[in-house]
Amino acid sequence: MEQTSFYTYIKLAGNDDFPLNEVTARLQIEPTEAWRVGDKVRPNSPLERFYTCWLYKIGPVKSLDVDDVLVPLYERFHSKVDSINALKEQYDLSVRIVVVIEIENGEKPALTIAPTFSQFASSMGAEIDIDLYAYAYSEVSHD
């Protein structure tokens, strides 16, 4: 049986091309994904990316508590706020933290964002985006 899960990512994005290798060097963290303006969305796709992005993802984690992905993200990036803010200013970047919840079989998760995490996001001017996917519930027999 599938279980409810979370994943999260932090994304630095800009409408112009910016040096992804410099972001990696200044944060001293390898991205899990990165692309430039004009890169193909998928191989053999006619669709192209319209912005440049540096992204770091945690998860998916089978859990009913969002802290199982938010705490590791905070621990990885809270000491990088000054660097992120400098990159934002230098390259006119936006910062977004995305939380993705995939609900399976009606398992409803806890979604509480601690003050420490909200202050962290606020210190970077980061938008928090929560995406929720609820998949079909399985039929349960009550024989």
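# Exercises on a Predicted Chain

The largest pocket of this predicted model holds about 170 Å³ of space.

## Exercise 1. The lining of the pocket

Determine which residues line the largest pocket, and how the lining divides by class.

*Solution.* Step one is to list the lining residues. They are Ala13, Gly14, Asn15, Asp16, Asp17 and Phe18, together with Phe50, Tyr51, Tyr91, Asp92 and Ser94. Step two is to sort them by class. The lining has 5 nonpolar, 3 polar and 3 charged residues. Gly counts as polar in this scheme, so Gly14 of the lining belongs with the polar group.

## Exercise 2. The order of elements

State how many helices and strands the chain has, and in which pattern they follow one another.

*Solution.* The count comes before the order. The chain contains 4 helices and 5 strands. Along the sequence, these elements give the pattern β-α-β-β-α-α-β-α-β.

## Exercise 3. The chain as a whole

Describe the extent, burial, contacts and exposed surface of the chain.

*Solution.* Begin with extent: the C-alpha trace spans about 65 × 40 × 20 Å along its principal axes. Next, burial: 36% of the 143 residues count as buried. Then take the contacts with a separation of 6 or more; residues 24 or more positions apart account for 75% of these. Finally, the chain exposes about 8,500 Å², and carbon and sulfur atoms supply 47% of that area.

## Exercise 4. The nonpolar cores

Identify the residues of the largest nonpolar core that touch the most other members, and the elements that contribute to this core.

*Solution.* The largest nonpolar core has 30 residues, of which Ile10, Leu12, Trp54, Phe77, Ile97 and Met124 touch the most other members. Two or more residues of this core come from each of strands E1 (5-14), E3 (52-62) and E4 (94-103), and from each of helices H1 (20-27), H2 (67-77), H3 (81-91) and H4 (115-123). E4 gives the most, with 5 residues.

Leu12 serves as an example of the contacts involved. Setting aside neighbours within four places in sequence, Leu12 is in contact with Phe18, Val23, Thr52, Cys53, Trp54, Ile84, Leu87, Leu93, Ser94 and Val95. Another core, of 9 residues, lies apart from the largest one and includes Tyr9, Ala13, Tyr51 and Leu55.

## Exercise 5. Backbone features

Locate the cis peptide bond, and place Gln28 and Asn44, non-glycine residues with a positive phi, in the chain.

*Solution.* The peptide bond from Gly59 to Pro60 is cis, with omega near 10°. Pro60 has its place in strand E3.

Gln28, with a phi of about 55°, lies in the loop between H1 and E2. For Asn44, phi is about 65°, and the loop in question runs between strand E2 (33-35) and E3.

## Exercise 6. Buried or exposed?

Classify Gln28, Asn44 and Ala134 as buried or exposed, and give the C-alpha separations of Asn44 from Glu127 and of Ala134 from Asp68.

*Solution.* The cut-off for exposed is over 50% relative accessible area. Gln28 is exposed because its value is 65%. Asn44 is exposed because its relative accessible area is 82%. Ala134, found in strand E5 (residues 127-134), counts as exposed because its relative accessibility is 54%.

For the separations, compare sequence with space. Asn44 and Glu127 are 83 residues apart along the chain, and their C-alpha atoms are separated by 32 Å. Ala134 and Asp68 are 66 residues apart in sequence and 19 Å apart in space, C-alpha to C-alpha.

Note on methods
Residues numbered from 1 in each chain as written. Predicted model: local features only at pLDDT ≥ 70, side-chain atom pairs only at ≥ 80, totals over all residues. Heavy atoms only, no water. 1 Å grid on protein atoms, 1.4 Å probe; cavity = no way out; pocket = protein on both sides within 12 Å on 5 of 7 lines; lining within 4 Å. Points joined across faces, edges and corners; volume = space filled by probe spheres on them. Buried < 20%, exposed > 50% of the residue type's maximum accessible area, 1.4 Å probe, protein only. Contact = heavy atoms within 4.5 Å. Areas by Shrake-Rupley, 256 points an atom, 1.4 Å probe, with all protein chains shown as cover. Core = buried A, V, L, I, M, F, W, Y, C linked by side-chain atoms within 4.5 Å.
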